[in-house]
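Q: Please take a close look at a single part of this protein and describe how its residues are placed. I would like a connected account that also sets this part in the context of the whole chain.

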Amino acid sequence: MHTDLDATFAALADPTRRAILTRLATGEATVTELAAPFAMSQPAISKHLRVLERAGLISRSRSAQRRPCRLNAGPLQEATAWLAAYRDHWAESYQRLDNLLDELRATEETAAGEPAEAEGGDRA
């Protein structure tokens, strides 16, 4: 699975490829349509499309003379699931930090005999 993730993240590392995926999220498009907003040649766009295709993020079909590209969300879902474990880890870490800060504030308030926030405020 890591090889798939490596290919997904490598493909997503380029802003042109991310923009292409954003466009394809609205529906299929031809290479010419995908190339239109970019100041680069059609062969350069085709190279980006090959990277996205190798990563499994897009697929191309043949419809008469057209070769429309379409988004494949599977690899993005796998990347999201992988990232979710880290998001959960950091959320738990921040929750532990919040709990510790609450304990420290309570200790300061008890020691000072007043709310800890009043100590750091402006004084006349």
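A: What follows is a close look at helix 2, and then at the nonpolar patch on the surface. The model is predicted, and its secondary structure comes to six helices and two strands, which follow one another along the sequence in the pattern α-α-α-α-β-β-α-α.

Helix 2 spans residues 15-24, and within this helix T16, R17, I20, L21 and L24 are buried. These residues lie on the same side of helix 2, because they cover an arc of only 140° around the axis. P15 and T22, on the other side of helix 2, are exposed. The N-terminal end of helix 2 is capped by D14, which has a side-chain oxygen 2.8 Å from the backbone nitrogen of T16.

The surface also carries a nonpolar patch, formed by F9, W82, L83, Y86, W90, Y94, L97, L100, L101 and L104, whose accessible area together is about 960 Å². Helix 5, residues 74-112, gives the most to this patch, with nine residues, whereas F9 has its place in helix 1, residues 2-12. F9 has a relative accessible area of 32% and is therefore partly exposed.

For the protein as a whole, buried residues make up 23% of the 124 residues, and the accessible surface comes to about 8,600 Å², with 54% of that surface belonging to carbon and sulfur atoms. Of the contacts between residues at least 6 apart in sequence, 49% join residues at least 24 apart.

Conventions
Residues numbered from 1 in each chain as written. Predicted model: local features only at pLDDT ≥ 70, side-chain atom pairs only at ≥ 80, totals over all residues. Heavy atoms only, no water. Patch = residues over 30% accessible without salt bridge, like charges linked within 9 Å, V, L, I, M, F, W, Y side chains within 5 Å. Areas by Shrake-Rupley, 256 points an atom, 1.4 Å probe, with all protein chains shown as cover. Salt bridge = Lys/Arg side-chain N within 4 Å of Asp/Glu carboxyl O. Helix = DSSP H or I, 4+ residues; strand = E, 2+ residues; numbered from the N terminus. Buried < 20%, exposed > 50% of the residue type's maximum accessible area, 1.4 Å probe, protein only. Arc of directions from axis to C-beta. Polar contact = N/O pair within 3.5 Å; in protein donor to acceptor, adjacent residues only side chain to side chain. Contact = heavy atoms within 4.5 Å.
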